[in-house]
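This briefing goes through side-chain contacts, a cavity and some backbone details of one protein chain. Please have the sequence and the model open while reading.

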Amino acid sequence: MNGTVTVLDKGVVRIHSYMAGDDSLNVTTQLIETPARVVAVDAQYALSCADEVVAYAKGLGKPLDRLIITHAHPDHFHGAARFGAPVHAPAAVRDQIAARGDSQDPTGTLIPAADMTPTADIVPGTEVIDGIPFVFEAHRGGEAADELVIRLPEQGVLVAQDLVYHSTHLFLGNNDVPGWVRVLNELAATPGYDTVLAGHGLPARPEVFDQVRGYLADAGELLGGDAEAYKLAITARYPAFGGPFLIDIGNEYLFGTEDAESAAPTT
């Protein structure tokens, strides 16, 4: 298996967090196993990784109820069609994905836009799925223009996805550090959640909010006018962090080496 699966037992709910390898950006897909079904969150960048997640999900012996896409970065929706389930997302995220058009996975395999575009809208609020309350929150600003957060209040689980990275370098291409910090502060201020699921990296505890805020502060200090100098400085400060390629992708946006809409994989 290319990825790593971490299983968290939350009573009637089990979380299976699949993290892709470093060469696939350490992106995570969350499989939320309820008593009678499985809800997937985010769909991987490499189609081979999506296939691994789907094979693992099938091994749980329960139907895949839906796939939820949290934001419009390709590493979280490329593999959507592989799940063979209805694809849900907030309307803003759906429209942003549709506007991107066709894409390619890391091997160059063409992915038609129709294979990636969600077909069911998520409205903020609470939906009970298989007896489990899922609380959907829409946030603007941060790692992406629009991000969906999912709370499982009865299990104390916050599915933060790309608003939180765990021991992994951050993608800063959206260039909204103040917005990111604002949302992190809002998430951190809500008590009762002892498990935070990251969009890149392994599941974490609430202390991860301080880690991400600290990284953002350091990035603000170290960012200058040179992409390579920034990468050298931030990797020296965080030598144990995974996903250094995420810095390269962000630098394409921050330093204008490629047009933001045509750059290679955003996270």
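Does Asn26 count as buried, partly exposed or exposed, and at what relative accessibility? Asn26 counts as buried because its relative accessibility is 7%, which is under the 20% limit. The model is a predicted one. The points below take up the backbone, the salt bridges, the aromatic contacts and the cavity in turn.

**Backbone**

- Most residues other than glycine have a negative phi.
- Asn26 is not a glycine, yet its phi is positive, at about 55°.
- The position of Asn26 is in the loop between β2 (13-19) and β3.
- Ser167, also a residue other than glycine, has a positive phi near 55°.
- Ser167 belongs to the loop between β13 and α4, and with a relative accessible area of 30% it is partly exposed.

**Salt bridges**

- Side chains of opposite charge can pair when their charged atoms come close.
- The whole structure holds 15 salt bridges.
- One of them joins Asp65 to Arg37, with 3.0 Å from N to O.
- Asp65 is in strand β5 (residues 64-68) and Arg37 is in the loop between β3 (28-33) and β4 (38-41), so this salt bridge ties together parts that lie 28 residues apart in sequence.
- Arg37 is partly exposed, at 28% relative accessibility.
- Asp65 also forms a salt bridge with Arg66, where the closest N and O atoms are 2.6 Å apart.
- Arg66 lies in strand β5 and counts as buried because its relative accessibility is 9%, under the 20% limit.
- A network of salt bridges links Arg37, Asp65, Arg66 and Glu127.
- Elsewhere, Glu186 and Arg182 meet through their side chains in a salt bridge of 3.6 Å, N to O.
- Glu186 and Arg182 are four residues apart in helix α4 (residues 177-188), so about one helical turn separates them.
- Both ends of this salt bridge are partly exposed: Glu186 has a relative accessible area of 36%, and Arg182 has one of 39%.

**Aromatic contacts**

- A pair of aromatic rings is described by the distance of the centres and the angle of the planes.
- Six aromatic pairs are found in the whole structure.
- In one of them, the ring centres of Phe171 and Tyr253 are 5.6 Å apart and the planes stand at 90°, so the pair is edge-to-face.
- Phe171 is in the loop between β13 (157-165) and α4, while Tyr253 is in helix α7 (residues 245-254); the pair thus links distant parts of the chain, 82 residues apart.
- Phe171 and Tyr253 are both buried.
- Tyr215 and Tyr238 make a tilted pair, with 4.7 Å from centre to centre and 40° between the planes.
- This pair too links distant parts of the chain, 23 residues apart: Tyr215 is in helix α5 (residues 208-222) and Tyr238 is in the loop between α6 (227-237) and α7.
- Tyr215 is buried at a relative accessible area of 1%, and Tyr238 is buried at 13%.
- Phe241 joins Tyr215 and Tyr238 in one aromatic cluster.
- A charged side chain also meets a ring: Arg151 lies over the face of Tyr193, 4.9 Å from the ring centre.

**Cavity**

- There is one cavity of 30 Å³ or more.
- The space in the largest cavity is about 30 Å³.
- Its lining is made up of Gly142, Glu143, Phe171, Leu172, Gly173, Asn174, Asn175, Asp176, Val177 and Trp180.
- By residue class, the lining has four nonpolar, four polar and two charged members.
- Phe171 is therefore named twice in this briefing, as a lining residue of the largest cavity and as a partner of Tyr253 in the edge-to-face pair.

**Distances between C-alpha atoms**

- Ile132 is in strand β11 (residues 132-140) and counts as buried, at 4% relative accessibility.
- From Ile132 to Gln155 the C-alpha distance is 9.2 Å, and the two are 23 residues apart in sequence.
- Arg66 and Leu47 are 19 residues apart along the chain, and 18 Å separates their C-alpha atoms.

Technical notes. Residues numbered from 1 in each chain as written. Predicted model: local features only at pLDDT ≥ 70, side-chain atom pairs only at ≥ 80, totals over all residues. Heavy atoms only, no water. 1 Å grid on protein atoms, 1.4 Å probe; cavity = no way out; pocket = protein on both sides within 12 Å on 5 of 7 lines; lining within 4 Å. Points joined across faces, edges and corners; volume = space filled by probe spheres on them. Nonpolar A, V, L, I, M, F, W, Y, C, P; charged D, E, K, R; others polar. Salt bridge = Lys/Arg side-chain N within 4 Å of Asp/Glu carboxyl O. Helix = DSSP H or I, 4+ residues; strand = E, 2+ residues; numbered from the N terminus. Buried < 20%, exposed > 50% of the residue type's maximum accessible area, 1.4 Å probe, protein only. Phe/Tyr/Trp six-rings, centres within 6.5 Å; stacked < 30°, edge-to-face > 60°. Lys NZ or Arg CZ within 6 Å of the ring centre and 35° of its normal.
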